[in-house]
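User: I am new to this structure and would like a close look at a single part of it, with enough of the surroundings to understand what I am seeing. Please take me through the part slowly and in connected prose.

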Amino acid sequence: MSAAFTQVATPYGPRFVRAVGWRFNNLTPRGVIYGLPLHDAYTPPAECVKPSMMRCDSHTVPGADCDCGHRLVVNLRDLTQYESGCRYDSYLWGAARSKALAERGDGDHRIVLRVAAELDTPLHGRALVDPPSTLRAGRLVTLHGYVRRRDARLASLVRGQYPFPVTVLDGDDFAGVPAT
Ligand SMILES: [Zn+2]
């Protein structure tokens, strides 16, 4: 696991974290990020996705042998490779939701979030279908957002509704997301 016990700047001040990485989230045409409460950089605590009989104890989400948890990849290349693969076969990274939104005519609006798992956050490795450097976390704090040039209009809407900085990338893909 990279970046163990690093200190990072969050919208709420410096925090010690166990991991730093990236993830995709879907955006509405109004600049609302799916999975993040408005005006908040923290995800809600992750919940187990299994049927209730098999569910993880709420204190141990994400479970070791489970699919639950908020995803991040610690290797940026895993994120861009996933993007270029156009993976719509998985419920991960909001892919299924992107497809549903695109089919509904809402467009494919996405944001790359740089995120961190704080020291007290439960953390596990990837589940079977995840890209290689995936970690599953109980809760994530968002440090920065990146949108493609075609979604530049949405950047100011996102900035007005969330406490972290948002950068508009030069291109219409996510290749320009910085590695640090
Ligand atoms: Zn679980």
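Analyst: Two residues are said to be in contact when heavy atoms of the two lie within 4.5 Å. With that meaning, and leaving aside its neighbours within four places in sequence, D78 is in contact with V73, P131, P132 and S133, and D78 is the part I will look at closely before turning to other places in the chain. The model is a predicted one, and the values below are computed from it.

D78 belongs to helix α1, which covers residues 76-84. The residue is buried and yet has no salt bridge, since the nearest side chain of opposite charge, that of R77, is 5.5 Å away, whereas a salt bridge is counted only within 4 Å. What the side chain of D78 does make is a polar contact with the side chain of S133, at 2.6 Å, and S133 is also one of the residues on the contact list of D78, beside V73, P131 and P132.

To place this in the whole, the protein chain has 3 helices and 8 strands, and from the N terminus on these elements run β-β-β-α-α-β-β-β-β-α-β. Of the 180 residues in the chain, 48% are buried, and the chain exposes about 9,100 Å², of which carbon and sulfur atoms supply 54%. Among contacts between residues at least 6 apart in sequence, 65% join residues at least 24 apart.

A second buried residue worth following is Q161, which is found in helix α3, residues 152-161. Q161 counts as buried because its relative accessibility is 19%, and the cut-off for buried is under 20%. Its side chain reaches the backbone oxygen of G31 at 3.1 Å, and, with neighbours within four places set aside, Q161 is in contact with R30, G31, V32, L38 and H39.

The last residue of that list, H39, sits in the loop between β2 and β3 and is exposed, with a relative accessible area of 55%. H39 has a positive phi of about 65° although it is not a glycine. The same loop, between β2 (13-26) and β3 (70-73), also holds P62, and the peptide bond from V61 to P62 is cis, with omega near 5°. As background to both details, most residues other than glycine have a negative phi, and most peptide bonds are trans.

Strand β8, residues 166-168, contains V168, which is partly exposed because its relative accessible area is 29%, a value that falls between the limits of 20% and 50%. Apart from neighbours within four places, V168 is in contact with V147, R148, R149, A152, A155 and R159. The C-alpha atoms of V168 and S156 are separated by 9.7 Å, the two residues being 12 apart along the chain.

At the surface, finally, F5, F16 and L119 form a nonpolar patch with about 330 Å² of accessible area together. F5 lies in the segment before β1 (6-10), and F5 counts as exposed because its relative accessibility is 59%, where exposed means over 50%. To return to the starting point, D78 is, by contrast with F5, buried, and its side chain makes a polar contact with that of S133.

Methods:
Residues are numbered from 1 along each chain as its sequence is written. This is a predicted model: local features need pLDDT of at least 70, side-chain atom pairs count only at pLDDT 80 or more; totals for chains, interfaces and linings use all residues. Side-chain values use heavy atoms; hydrogens and water are left out. Patches are made of residues with over 30% relative accessible area and no salt bridge: like charges are joined within 9 Å, nonpolar side chains (Val, Leu, Ile, Met, Phe, Trp, Tyr) within 5 Å. Accessible areas come from the Shrake-Rupley method with a 1.4 Å probe; for residues, only the protein chains shown count as cover. Helices (H or I, at least four residues) and strands (E, at least two) are DSSP runs, numbered from the N terminus. Buried means under 20% relative accessible area, exposed over 50%, partly exposed in between (1.4 Å probe, protein chains only). Lys and Arg count as positive and Asp and Glu as negative; His and the chain ends are not counted. A polar contact is a pair of N or O atoms within 3.5 Å; within protein, one must be able to donate a hydrogen and the other to accept it, and residues adjacent in sequence count only if both atoms are side-chain atoms.
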